[in-house]
Amino acid sequence: MEGTSPDRISVGSAPKKSSSSSRGRQRKFSSSTCKDFLREFVDNELLTSSLEDWFSGHSEDCGFRKPAFDVPFDLTELQNFDYALEGVTFQQLVRMPNALHASASELFEATAYLALEDFLHACIKGLWETFWGPDEAMPFSVACVHSTSSKFYPAEKAISSGKLDGVCATAVLRKNSKHTQGRWDHIVVLALLRPDIGMVSAQGDQEPSPAVLGEALFFALRVLLSRSLSRSSTVLRNSDCVYLLLVDSQFGGVVKVQGDLNKLDFNLNNVYNCAADWIKNHAKITVSSVDRVWNKLGNANWGDVGTLQVLLAIFHSMIQFCGEPKYSLDELATEHSSRLQSRRSERHLDRQANGNGLFQFQQRSRSPEIVEVQEEATVNVKPQETLKLEIGSVVLMEDAYCQKGFQINDILADSDPPIYNCTPVEEPTKTYLLYVGSSPSHLEPAWEDMNSWYQVQRQTKVLTLMKQRGISSRYIPQMVASGCVAHPGPCNKPSSSGSCGHPWCSTPILVTSPVGETISNLIRNGLFGVEEALRCCHDCLSALSAAASAGIRHGDIRPENLIRVSNGSRHPYFVLTGWGHAILEDRDRPVMNLFFSSTFALQEGKLCAASDAESLIYLLYFSCGGVCPELDSVESALEWRETSWSRRVIQQKLGDVSAVLKAFADYVDSLCGTPYSMDYEIWLRRLRRTINEDHGKEIDTSS
């Protein structure tokens, strides 16, 4: 930003005297105030000094205790990331020099910055080609940040022009054709090369020193403030979270800073105390352990914890600016299972389950010698037989008390995995929905089986929890039965949770009521009109209200999860199904759907109080003939939402259907991204009144 830009501010030395918004993250401070704050906020040592008592635990702000920082990534997350990167090649060409063998400090520092820049380039190149694909041009670059001018230079240029002494950090930048020199709000992730990072590991400490951590927090806040001034909606949406990398010539760690800048006091007479107060009281800071990144030869240990932490921080930072990748982390990680199976076949290993459900491995040959395996002796591994039900077939389900038979009447075409329309053998006049899960006999379940796990096991848990908490609503499916498939032949499984080895053994089943026709099918047949839209909105809100009373949110509202029930009822009504992805606690994550997920879900990966209602608005908009956009990424989905709401496209379309739907859309729009809860009752009353007035039909609200 020329002129008024914070990019021109001196960073790292003593200070010299001298409205945009994003949906879901509205800025409450003015741009001029933020720019003035940045002009004064230039000395990291003054900030560290303001935080000294907090770091040492001699402050009332922390109850006279040292701050305890959580880690940004747990070991399971790192292991999953390691599986995803299996077979991926990262190539660092410039070796990191070893400080113990450095002949000249100036030459060592120059080589270290070149090596760090090359390391970051190798990271973003490898991650981009792995997750986003090699066909797309990489939108990132790497450059050094100069402290006195805040300009960005390639390391070679900084060295050749004699400006290496002023380099304070190395940044991964989002490329911008209008600003090729780079700006602070283009910083994706920032790396600080400091000589004493490894001392933490040597001394057995878990966290960097207060001096290093204070400097990291200083740069983190500068990046967040710069992002908050950006005109880019993508950058603005990420003005509350940034990753910092702390490295020396051997070790490295990650600092993640997250917080709402609206809670920062922009007092220009006391910027460092204001910044310190925000860090202590309003920021969430997570700090990783300091682990080895480079070996003694200067090569990066790509598969070790230290390097994986750095790679994962860069990966999350890239997602912030580019949206979800083409190939998800979980999709690539599950390929580890197939590789493991291939390795087991290669080594001729058998799998046997013991009584505890664990697996023991035995080699086929008892000979300790290396023997030649003849071609005809090669082991043929048969693929797992999966349970497929056909129309007319009968499946036996057993629970703790008895066996029940269900005859398959139909297979619903809208669902994957399939959902079956079935009739109990003993009660042929009744019809239910039957869900079949995946067999637990796999060593590691395939990722595609996770859909059936959510559909059966998780949904069974949610519906059981609803029953225990006294939730009873005709707009929520009722669990009729749950159990496991009773397979043909003898079953000698060692325990109730084990498996006898039969591919169907312990395969879970869920049976629910009622049966209906999905909204997607109604739309295809031209049967979703004004009355259906109003009733759908009312009935879905009733289901959400009942679930919310027990602290449960749906998280996966889409046309396939809403059915219209007409049998045995005076008037058809809608039931909200598909509760497998319901949010029961803070750690649960909703499904990401480019068309139906709420803005907050796409941005934060979790739900706010109005998220389900916002998803319902999108469902009604598309179901009533709203123009379906071409969405291929989270970024495009967020841009469509921002444009559609700001131009009132959604409200106007729903207004063509009913004034109450338009008013409801405005109400939901005002709540999106806020902590305020939904007032379900007032909108249920208005919808009931509208339906009764317009159509002369009353809604049955009995449960």
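The following exchange introduces a predicted model through its confidence, its aromatic pairs and one of its helices.

Biologist: Which strand has the lowest confidence in the chain, and what is its mean?

Modeller: The chain averages a pLDDT of 82, and 81% of the residues score at least 70. Confidence is highest in strand β19 (residues 573-576), at 96. The lowest confidence belongs to strand β10 (residues 359-363), with a mean of 41.

Biologist: How many contacts beyond four places in sequence does the model have for residues 1-10?

Modeller: Throughout residues 1-10 the pLDDT remains under 50. For that stretch, the contacts beyond four places in sequence number 32.

Biologist: And over residues 373-386, how many contacts are there beyond near neighbours in sequence?

Modeller: Residues 373-386 also have a pLDDT below 50. Beyond near neighbours in sequence, the contacts of this stretch in the model number 12.

Biologist: What kind of aromatic pair do tyrosine 621 and phenylalanine 622 form?

Modeller: The structure holds 30 aromatic pairs, and tyrosine 621 with phenylalanine 622 is one of them. Their ring centres lie 5.2 Å apart, with 65° between the planes. Planes over 60 degrees apart count as edge-to-face, and this pair is therefore edge-to-face.

Biologist: Is tyrosine 621 buried or exposed?

Modeller: A residue counts as buried under 20% relative accessible area. Tyrosine 621 has a relative accessible area of 4%, so the residue is buried.

Biologist: Which helices does the pair of phenylalanine 622 and tryptophan 640 tie together?

Modeller: Phenylalanine 622 and tryptophan 640 are stacked, at 5.6 Å centre to centre and 20° between the planes. Both residues are buried. Phenylalanine 622 lies in one helix and tryptophan 640 in another, so the pair links parts that are 18 residues apart in sequence: helix α17 (residues 611-623) and helix α18 (residues 634-646).

Biologist: Which residue lies over the face of tryptophan 184?

Modeller: Tryptophan 184 belongs to an aromatic cluster that also includes Phe37, Phe41 and Tyr272. At 5.1 Å from the ring centre, the residue over its face is arginine 222.

Biologist: How far from the ring centre of tyrosine 573 is arginine 474?

Modeller: Arginine 474 lies over the face of tyrosine 573. Its distance from the ring centre is 3.8 Å.

Biologist: What arc do the buried residues Ile650, Gln651, Leu654 and Val657 cover around the axis of α19?

Modeller: These four residues are buried in helix α19 (residues 649-657). What covers the buried residues of α19 includes α15 (530-548), α17, α18 and α20 (659-671). The buried residues lie on the same side of α19, because their arc around the axis is only 110°.

How values were computed: Residues numbered from 1 in each chain as written. Predicted model: local features only at pLDDT ≥ 70, side-chain atom pairs only at ≥ 80, totals over all residues. Heavy atoms only, no water. pLDDT = per-residue confidence, 0-100. Helix = DSSP H or I, 4+ residues; strand = E, 2+ residues; numbered from the N terminus. Contact = heavy atoms within 4.5 Å. Phe/Tyr/Trp six-rings, centres within 6.5 Å; stacked < 30°, edge-to-face > 60°. Buried < 20%, exposed > 50% of the residue type's maximum accessible area, 1.4 Å probe, protein only. Lys NZ or Arg CZ within 6 Å of the ring centre and 35° of its normal. Arc of directions from axis to C-beta.
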